[in-house]
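Here are some questions and answers for a first-year student. Look at the structure first, then read on.

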Amino acid sequence: MNESGQHSVPTYGGEVETLAVQCGTWRLFPLDTPAQKQVQAIIEKEGEHAVQPVNLDYDEAQHILEFQGAVSYHLPQLVTMYQQAIATTCRLLQRQCQATLLSSSFHPFEDPVEAYQHVVPKPLYDLFRGYRPGLSSVSLDTLKKIYPTEPERGRGWWHEIGSLAASVQPWNSLTLEQAASQIAVLQACGWMFTLLTANAPFYRGKVTGKRDYRLEIWKGRGMLARSRYLADRANAKNLPSKPMGLTDYYAYVLKSQRPMVIPQPKKAHHNYKLAFLGVVQPEDWREFNTLTYLQAKSIRAVDIETGEVQEVRPSVAHICNGFDFLYYPGGGARIRIHLPEADRLDPRLFAQAIKTRNEPLLHELLREAKVHLGFICAEGRASATVLPTQKHPGWERLSIPFVLQTALIRSHQEVFAFLESTPLTWHDLTCLLPARCNARKHGFATQIKGIDATELARHIWMIARQSLTEEERSLVRDEIDEILNRRMAAAEEQLALFEMLSLRYPRTQALLKLVEQLCMG
């Protein structure tokens, strides 16, 4: 992604995660590395190229195929690139592996512990979940140096639950001056993405009370439920109030984050999941967050490859450039930033600018770090992966997250002007609406303070769509309007189909028939 400054061209990117399943059993299908590389080679050969091409990789497990890395100056080109890559992959899976891709953001009946046996051995996961014999790539001795107490727990995250999930994460470049308002509109409208794309009402074979169970990963009983740090739960929430500037955003995010990993020194390229220094953790009860980290004279960190403990001077480069990943607002969006010369900044001054809400100073520091040669962008976090199926063979539903996020960012001022004319508060928009729009008993019928969520979404879409070109609008055609008119998204369609199938087949067989219908044709 390139930062879209005052006079630069916006860029578009993102990630599309998909679940691979075995035809017939409809269980998760782990694609082995040779096959993954073969598919990648065909994608590169056949696909359309832009600033950066599509890369096929794994997310948490080998059955979660992640299409990522593509960047374009033209939104329709980006979306087309992902469509082509997904279609190519699905075709090869069907031909060579008797497998396919599932149009669901959470597998309907698999068990997360069983699914986790296909986890990709990335060292970062050991720090999240702790030591797992047979799965861990980091030794227990190394974990003991990072976590002096209960090292086998790691950070204490229930990482297994993520092995059933897939989502769409659009990336849009932001302007430095308007980034706070642009990220705010995505958090204030995160519930719209859930309303329109939710497609996972099942968990372990049972109907849940949620339209998209994937979003429960970041709730009280999800991945963070067992975390050793209470502050981690704040990392899964939207901001507590509308940010007036980037200092408001970072004051919340960095104060809630307890540093875990930093880049290895003198490495030109960093993959934060594979190569890093693990920050030696103080006692669990001690206050230790990214802002206090930046103000420290030095900290200790462990080289994950050698186990060597090093004294390290904090740097702003340690909290950006791929290492700004510890904020997971499941119902909204987050900022990702790349600063080519971040190591030139005084980390204490950077932290002080944020703590004192000195917006001009923070902007000055970001420019000094050459943000215009890197990027500042929004990463959406709320959307489910909705793929073409026999019943809905088009790509419009997969395109919704990319098109809607782009439209909201461009029209953020107009959307906020409308929202401010309603009685809805920031809490209503970022907490109550996301929860109720994902609840099966509310969904499209959600009402808050006399405001109907479906009509609210319709009005926001009418405002935002005006910022799109005709070619961009054609990516979704009338799909958003039709979903709102019918008050039915993929989740409601699944439940209706399952109810019909349950009248004809035993429950287990009905569920298998349903999953078959959710696969790409």
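A nonpolar core is a set of buried Ala, Val, Leu, Ile, Met, Phe, Trp, Tyr and Cys residues joined through side-chain atoms within 4.5 Å. Buried means under 20% relative accessible area, exposed over 50%, and partly exposed in between (1.4 Å probe, protein chains only). The model is predicted: local features need pLDDT of at least 70 and side-chain atom pairs count only at pLDDT 80 or more, while totals for chains, interfaces and linings use all residues. Residues are numbered from 1 along each chain as its sequence is written, and side-chain values use heavy atoms, with hydrogens and water left out.

Q: Which helix gives the most residues to the largest nonpolar core?
A: The largest nonpolar core has 122 residues, and F67, W191, F350, L408, L419 and I460 touch the most other members. Helices are DSSP runs (H or I, at least four residues) and strands are too (E, at least two), numbered from the N terminus. With 11 residues, the helix that gives the most to this core is α2 (residues 75-97).

Q: How many residues are in the other core, which includes F106 and W218?
A: This core lies apart from the largest one. L224 and F498 are also among its members. Its residues number 56.

Q: Why is one side of β8 and of β11 left without a neighbour in the sheet?
A: The sheet is open and has four strands in the order β8-β9-β10-β11, with antiparallel pairing. Two strands pair if DSSP finds at least two bridges between them. β8 (261-262) and β11 (309-312) stand at the edges, so each has a single partner strand.

Q: Which residue in β10 is the bridge partner of L277?
A: Strand β9 (residues 277-279) runs antiparallel to strand β10 (residues 299-303), and three bridges join them. In β10, the partner of L277 is D303.

Q: How many residues apart in sequence are the parts that R204 and D111 tie together?
A: A salt bridge is a side-chain nitrogen of Lys or Arg within 4 Å of a carboxyl oxygen of Asp or Glu. The side chains of R204 and D111 meet in one (2.9 Å, N to O). R204 lies in the loop between β6 (202-203) and β7 (206-207), and D111 in the loop between β4 (99-102) and α3 (112-115), so the distance in sequence is 93 residues.

Q: Is E479 buried or exposed?
A: E479 forms a salt bridge with R397, with the closest N and O atoms 3.0 Å apart. E479 is in helix α17 (residues 479-486) and R397 in helix α12 (residues 396-410). At 11% relative accessibility, E479 counts as buried.
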